[in-house]
Amino acid sequence: MENTTFCCMLVGSAGAGKSSFINTLIKYVNTTKESGQKMTRYIPTAKSQVMGGHTMTREPIKLTDDLIIVDNRGWHDWNNEAALKELSAQIHGKRSFDDDVKWDDDSDSATDDESETTLAITDKVDCTALVLNGVGGIDAVENITELIETCRQNTKRPPSIVITHKDAISDEEVKKMIGFLENEQIDPAKIFVVKNVTSKNESLDDNTRSCICDFIGSCQDDGEAGASAHRRRENVEEKREKKKVSGMQKEIEKGQHELKKAEIAEAKARLESETETKKEMDSMKEAALKRELESAERLQDMSEANRKKMNDLRLKNESDMHAHHKIVVKEYYEGRLRKE
């Protein structure tokens, strides 16, 4: 297994008993350790009238070698959308334990933006436990549907339910609360009703010890399932990112291919244009040369015709002169003969 340390985060209203419950967990672990150094820390308990009590940031406590418990700031409005988004961000490791928890803030703090601070122990929450003040009776559980569903969606497991102040509520009231939670698809085995430990010296009774033992076992089971869900989500995100990068690479390659095709087409068009232009110029040169030859031939024919005409005229003139000479000579001799 990649990770054998799981993280369970407590969620509940101020004064519900989260810090007292953590003290009970610490006391149980200390009393069950056979050897080794015991945990000496003791969490200050919140006053119910103070929103968030003493807890403003999330505080991780390494309860056992394989389980971390995270104390959280209290909040009352279970249906607050910003708070539910903040809870999702905490579960997926997008908040540092050192960051102040703001369940309801008009600024955009309760968003999915990742914190720049490196987390102290773990970067994700593997399972959740809702801590409810049993003194509130059925009113303490009636408005937690959205809270349960948010935990279920983000960890792929329903949250454990811790009902505190067992010594101050009746069995009938506990039965009503458990009945309501069963209607919310919460397994009764994941509902833990505990007595608050308010003193360092207070010992745990057998029922409380048994309940805490079961709670820790449930957290380990849910933590393993939640860690697997995180790994699956990371694998999906990694595949999605690879697919995105691959898609971008294909788009780049496609763009390069299209650019290359355009360059080849442009070069081909340019070559064809140059070839066509050369053909046209060659054709024009050929036509001009043909015209020149035809003109020369016409001039030559005209010259030959003129020479022939001149020669014919010369011959005619010579013939006419010869005929005239004969007439003159004839007349001369005929005249002479008459005189004689």
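Begin by selecting strand 3, residues 67-71, where five of the five residues are buried, so the strand is largely enclosed by the rest of the structure. Buried here means under 20% relative accessible area, exposed means over 50%, and partly exposed lies in between, with a 1.4 Å probe and protein chains only. Strands (E, at least two residues) and helices (H or I, at least four) are DSSP runs numbered from the N terminus.

Before going further, note that this is a predicted model, in which local features need pLDDT of at least 70 and side-chain atom pairs count only at pLDDT 80 or more, while totals for chains, interfaces and linings use all residues. Residues are numbered from 1 along each chain as its sequence is written, and side-chain values use heavy atoms, with hydrogens and water left out.

**Strand 3 and its partners**

Show the side chains of strand 3: Leu67, Ile69 and Asp71 point one way, Ile68 and Val70 point the other way, and all are buried. Next add strand 2, residues 59-64, which runs antiparallel to strand 3 and is joined to it by five bridges; two strands are taken as paired if DSSP finds at least two bridges between them. A hairpin leads from strand 2 to strand 3 through two residues, and lysine 62 can be found opposite isoleucine 68. Isoleucine 68 is also the bridge partner of cysteine 7, and here the pairing is between strand 1 and strand 3, which run parallel and share four bridges.

**On to strand 4**

From strand 1, residues 6-12, move to strand 4, residues 127-133, which pairs with strand 1 in the parallel sense over five bridges. Glycine 12 marks one place on this path, standing opposite valine 131 in strand 4. Strand 4 is mostly covered, with six of its seven residues buried. Strand 5, residues 160-164, runs parallel to strand 4 and is joined to it by five bridges, including the one between leucine 132 and isoleucine 163.

Now select helix 3, residues 145-155, together with strands 4 and 5, since these three elements make a right-handed β-α-β unit. Right-handed means that, with the strands pointing away from the viewer, the path from the first strand over the helix to the second runs clockwise. In the loop between helix 3 and strand 5 stands lysine 156, whose phi is near 65°, a positive value in a residue other than glycine; with a relative accessibility of 54%, lysine 156 counts as exposed.

**The nonpolar cores**

A nonpolar core is a set of buried Ala, Val, Leu, Ile, Met, Phe, Trp, Tyr and Cys residues joined through side-chain atoms within 4.5 Å. The largest one has 33 residues, and those with the most contacts inside it are Trp75, Leu87, Ile144, Leu147 and Leu181. Among the elements that give two or more residues to this core are helix 2 (81-91), helix 3 and helix 4 (171-183). Apart from this core lies another, of 26 residues, among them Cys8, Ile69, Val131 and Val194.

Centre the view on leucine 147, which touches Val11, Trp75, Trp78, Leu84, Leu87 and Leu130, leaving aside residues up to four places away in sequence; contact means heavy atoms within 4.5 Å.

**An aromatic cluster and a buried threonine**

Select Phe21, Phe192 and Phe215, which ring pairs link into a cluster. Rings of Phe, Tyr and Trp (its six-membered ring) pair if their centres lie within 6.5 Å, and planes under 30 degrees apart count as stacked, over 60 as edge-to-face and the rest as tilted. The structure holds five aromatic pairs. The ring centres of phenylalanine 192 and phenylalanine 215 are 5.4 Å apart with planes at 90°, so this pair is edge-to-face. Phenylalanine 192 is in strand 6 and phenylalanine 215 in helix 5, 23 residues apart.

Threonine 24, in helix 1 (residues 18-32), is buried at a relative accessible area of 1%, and its contacts beyond four places in sequence are Lys195, Val197, Leu204, Thr208 and Ile212.

**Where to be cautious**

Finally, colour by pLDDT, the predictor's confidence in each residue from 0 to 100; the protein chain averages 81, and 83% of the residues score at least 70. Over residues 106-121 pLDDT stays under 50, although the model has 33 contacts there beyond four places in sequence. Where pLDDT is low, the predicted coordinates should not be read in detail.
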